[in-house]
Amino acid sequence: MGPFLLLAALAAATSPGTIAAGFIERYFAQYPTLATEAGRSDFDDKLEDLGPASLARWLAFLDQTEAQLGAPGDDSLDLEVLRHQIASERFTLVTRAAPARNPLFWTATLSNAAIYLLLREDQPLPARAAALSARARLLPGLVAQAKAALAQTSPALIAKEHAEPAARQARALAQLYQTGLPKFAPELEEPGQRAAAALNDLAAFLEKLPATGSPRLGKDYAEAFRIGLRTSDSPAVLLPRFEQDLAALRGEVAAYGRSVWRELVPGEPMPADDKAVARRLFAAIEEQHDTEVAPYAEFWKSLVPSLEALVREREVITLPEPRTLQIAVAPPWLLGQAYGGVFPAGAWRPEGQTLLLLPVPPGGATLAERVEFFRAFNRPFSKMIAAHEVLPGHYVQLKIAARDAHRIRALFPDQVYAEGWGTFVERVMLDQGWGGPRERLAHLKKQLENCARAIVDIRVHTSEVSKEQIARFVREEALQDPQLAANLWQRTLTSAPQIVTYHLGYRQIDALYQAARSRPGFRLRRFTDGLMRLGAVPLRHYE
């Protein structure tokens with residue numbers, strides 16, 4: 001090979017596309033369940049090896065890849081995404097030592113092992129059953145790795161707020177493998193029983209674990225914030241802004257609520273107190289709710305054609321064709337699981353089916369629990385949030401991203417962008433005529449919740465604020481229900497700083513939107529199509 005050809009070959013080997021492609025292959029080999037999630041089927045019969053030797057090899061690969069990239073500079077966007085993912089992996093595995101300290105690190109992978117194989121109907125059932133059988137047989141080995149890693153760790157470094165939900169997840173997964181898998185395919189009974197025994201053993205191990213560690217990130221929170229949100233703004237900078245936003249939102253709720261009071265609660269005297277106005281109107285929208293799963297699911301399905309028609313009529317965004325969306329409740333064999341949300345086809349199967357799995361009351365729920373559930377998932381809320389989840393929200397954004405040539409951006413999306421987009425289009429569709437006062441109030445209540453999430457996340461991990469103080473703040477300042485106030489405490493302890501993404505992302509996209517609207521010739525579809533052009537990357541790249 002001559003000097004010119006040698007240089008050309010070396011350049012090709014270190015090109016951004018080649019480096020990214022090589023990283024993806026090694027990433028999927030390290031995390032086979034995430035390959036399945038992304039739409040790859042060649043890893044379906046494999047399961048993660050997260051033992052010390054495997055993790056050491058993975059960390060060495062991260063070092064080698066970063067050395068290939070050289071010093072940060074005028075990188076391509078794909079390499080920026082790759083640098084971020086390497087930093088995220090190191091933070092999880094080294095800084096936080098999650099395999100040794102956080103039981104939820106393990107149950108997240110165990111939960112992911114079966115769900116996409118069970119739900120993706122665009123793959124032949126025999127192939128899915130064979131892959132599930134293979135993973136079920138490998139699962140006891142992964143459980144053994146989890147127990148070994150956690151057993152060698154001082155209980156003072158493991159938080160009970162992580163161990164207890166992980167134990168519940170393991171018990172629920174055991175039910176899925178023991179009873180659900182045979183209902184899905186009878187030949188899965190034997191491997192399912194073995195996997196269930198291992199999962200129950202893990203649950204018992206976690207239940208007995210004398211965990212006394214703190215679940216707060218403390219000194220690591222600033223780094224978690226920087227990496228998780230891809231922002232240069234510190235928590236200390238953003239917290240007062242979020243607190244100002246919450247006050248402004250309460251004012252918006254009160255002003256709008258007073259303007260529609262007579263329409264929604266005719267004959268009732270209007271309170272002088274703004275918070276009382278908001279609480280009464282939030283209760284009024286909850287009165288329009290279903291009582292059974294079947295009509296609730298049918299209502300959701302009926303929303304899609306109307307949503308699509310309005311998006312087209314008002315030229316909100318260019319929709320990807322054809323529509324490959326299915327809305328369903330959890331199938332009967334998904335026992336013990338409480339999955340809900342959007343399950344996209346993935347960048348390696350861009351024309352596959354996207355499933356929106358509707359949350360439903362848990363099996364065995366009492367009448368009071370069912371009423372509480374359906375009041376929360378009332379019809380005005382469902383209609384409003386459908387724009388967030390489906391059209392033109394997550395379904396559309398994920399479908400467009402899956403078709404993009406830059407797969408690494410779809411594989412490692414910026415969550416601030418993704419959740420910001422979903423929240424932003426709630427408001428856009430309301431402004432275009434989707435729903436009336438009840439739907440707008442449902443949106444404003446959700447905006448209050450999103451803002452409270454961001455404030456709570458920062459306060460919990462940077463101060464000694466108590467659970468009771470957080471619950472009081474969420475109830476009295478964010479005007480949310482007691483149940484949500486209780487849930488939010490656990491949510492921030494297990495997924496920080498993800499819950500900041502909704503409000504922060506909305507702020508960032510709305511700032512771009514307001515700037516664009518001030519320019520002559522603004523067209524909504526040109527703006528939204530433009531926001532899809534680079535994929536789910538930090539929004540500064542769209543400025």
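Helices here are DSSP runs of at least four residues, numbered from the N terminus. With that in hand, the predicted model can be walked through, starting with a loop. Arg230 sits in the loop between helix H11 (221–229) and H12. Its backbone is a bit unusual: phi of Arg230 is near 50°, a positive value in a residue other than glycine. Arg230 also counts as buried, because its relative accessibility of 14% falls under the 20% cut-off.

Helix H12 itself covers residues 235–264, and Ala247 is part of it. Ala247 has a relative accessible area of 39%, so it ends up as partly exposed. As for distance, Ala247 and Arg533 are 286 residues apart along the chain, and their C-alpha atoms are separated by 34 Å.

A second positive phi turns up at Glu315, again about 50° and again not in a glycine. Glu315 belongs to the loop between H14 and S1. Unlike Arg230, which is buried, Glu315 is partly exposed, with 36% relative accessibility. That loop, between helix H14 (293–313) and strand S1 (325–329), also holds Pro322. The peptide bond joining Glu321 and Pro322 is cis, with omega at about -10°. Another cis peptide bond links Leu391 to Pro392, this one with omega of about 5°. Pro392 is found in the loop between helix H16 (379–389) and helix H17 (394–403).

On to the packing. In soluble globular proteins, nonpolar side chains tend to be buried together. In this model, the largest nonpolar core has 100 residues, and Trp300, Phe424 and Leu531 have the most contacts inside it. Helix H20 (residues 437–462) gives the most to this core, namely 11 residues. A second core, separate from that one, has 77 residues, among them Leu119, Ala149, Ala195 and Ile408. Back in the largest core, where Leu531 is one of the residues with the most contacts, what does Leu531 touch, not counting residues up to four places away in sequence? Its partners are Tyr417, Trp421, Ile509, Leu512, Leu539 and Tyr542.

H20 also packs against another helix. The axes of H13 (residues 274–286) and H20 come within 10 Å and cross at roughly 120°. That angle makes H13 oblique to H20, because it lies outside the 65 to 115 degree range for roughly perpendicular and is not over 145, where roughly antiparallel begins. The crossing of H13 past H20 is left-handed. On the H13 side, Leu281, Phe282, Ala284, Ile285 and Glu286 take part, and they meet Arg438, Leu441, Ala442, Lys445 and Leu448 in H20. Sorted by type, the residues of this contact are seven nonpolar, no polar and three charged.

One of the H20 residues at this contact, Lys445, gets a closer look. Is this lysine, Lys445, buried or exposed? At 13% relative accessibility, Lys445 counts as buried, since that value is under 20%. Leaving out residues up to four places away in sequence, Lys445 touches Phe282, Glu286, Leu479, Gln480 and Asp481. Of these, Phe282 and Glu286 belong to H13, so the contacts of Lys445 include residues from that helix, where contact means heavy atoms within 4.5 Å.

Technical notes
Residues numbered from 1 in each chain as written. Predicted model: local features only at pLDDT ≥ 70, side-chain atom pairs only at ≥ 80, totals over all residues. Heavy atoms only, no water. Helix = DSSP H or I, 4+ residues; strand = E, 2+ residues; numbered from the N terminus. Buried < 20%, exposed > 50% of the residue type's maximum accessible area, 1.4 Å probe, protein only. Core = buried A, V, L, I, M, F, W, Y, C linked by side-chain atoms within 4.5 Å. Axes fitted to C-alpha atoms, helices over the stretch in contact; angles between N-to-C directions. Parallel < 35°, antiparallel > 145°, perpendicular 65-115°, else oblique. Left-handed = near helix turned anticlockwise from the far one by under 90°. Nonpolar A, V, L, I, M, F, W, Y, C, P; charged D, E, K, R; others polar.
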